[in-house]
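This report describes selected side chains in one protein model. Please look over the sequence and the structure below before reading on.

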Amino acid sequence: MATGAVETIQSRADETVEKQDGHPDKLLQCPFDKNHQIRACRFPYHLIKCRKNHPKLASELKTCPFNARHLVPKHELTHHTATCVDRKSVNTEDWVNAEGQCKWQLPVSTWTNPNMDEDWDKEADDFATPFVWGVSTTPSQKPEASTSNITPGFRAPKAVPWPICWP
């Protein structure tokens, strides 16, 4: 357990450095196996794979609610949650400035309908025939006498390219 905690602390330190320089090819140490050095861009996928390969250690580690790359021992989770570098404030007093106005305002929509005289009720065709599935409403179509799926321009082949074996 102590080595897992040391590896986790090292992983958190590496994560902080990665956030600062943001290099995707930076090598990070796996919290499950200290011999694994993984590029930062592949680290989340590796964590999933290694978690399956090390179920005992995975049961001892918990995932940070602010960054899934942070794996910490169960007993350190509350401390990590309070001090995590990825923690964002959700307090409402942070949203209001000194004058009591909200720091972030939603933009007001300036969109207007270009065609204000449109009325779908007036444009509706009250005499249109209702749609019924499978029934044709156009009078010019005649039902086909043939039940063949082959169009008139095609012909059936006289021979097939494979031998036909009759039982």
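E60 is partly exposed in this predicted model, because its relative accessible area of 22% falls between the 20% limit for buried residues and the 50% limit for exposed ones. The partner of E60 in a salt bridge is K56, and the closest N and O atoms of this pair are 3.8 Å apart. K56 has a relative accessibility of 62% and counts as exposed, since the cut-off for that class is over 50%. Both residues belong to helix α3, which spans residues 55-60. They are four residues apart there, so about one helical turn separates E60 from K56.

How many salt bridges does the structure hold? There are two. Side chains of opposite charge can pair when their charged atoms come close. Besides the pair in helix α3, a salt bridge joins D25 and R39, with 3.5 Å between the closest N and O atoms. D25 sits in the loop between α1 (2-21) and β1 (27-29), while R39 is part of strand β2 (residues 37-39). The pair therefore ties together parts that are 14 residues apart in sequence. D25 is partly exposed at 40% relative accessibility, and R39 is also partly exposed, at 38%.

The table lists the accessibility of the four residues that form these pairs.

| Residue | Relative accessible area | Class |
|---|---|---|
| D25 | 40% | partly exposed |
| R39 | 38% | partly exposed |
| E60 | 22% | partly exposed |
| K56 | 62% | exposed |

Another arginine to look at is R69. Is R69 buried or exposed? With a relative accessible area of 17%, R69 is buried, because the limit for that class is under 20%. R69 is placed in the loop between β3 (61-63) and β4 (71-73). The side chain of R69 reaches the backbone oxygen of A40 at 3.0 Å. R69 can also be located relative to L47: the two are 22 residues apart in sequence, and their C-alpha atoms are 7.8 Å apart in space.

The last topic is the surface. Which residues make the nonpolar surface patch of about 320 Å²? The patch is made by V160, W162 and I164. W162 is found in the segment after α5 (120-123). At 54% relative accessibility, W162 counts as exposed, because this value is over the 50% cut-off.

Technical notes:
Residues are numbered from 1 along each chain as its sequence is written. This is a predicted model: local features need pLDDT of at least 70, side-chain atom pairs count only at pLDDT 80 or more; totals for chains, interfaces and linings use all residues. Side-chain values use heavy atoms; hydrogens and water are left out. Helices (H or I, at least four residues) and strands (E, at least two) are DSSP runs, numbered from the N terminus. Buried means under 20% relative accessible area, exposed over 50%, partly exposed in between (1.4 Å probe, protein chains only). A polar contact is a pair of N or O atoms within 3.5 Å; within protein, one must be able to donate a hydrogen and the other to accept it, and residues adjacent in sequence count only if both atoms are side-chain atoms. Patches are made of residues with over 30% relative accessible area and no salt bridge: like charges are joined within 9 Å, nonpolar side chains (Val, Leu, Ile, Met, Phe, Trp, Tyr) within 5 Å. Accessible areas come from the Shrake-Rupley method with a 1.4 Å probe; for residues, only the protein chains shown count as cover. A salt bridge is a side-chain nitrogen of Lys or Arg within 4 Å of a carboxyl oxygen of Asp or Glu.
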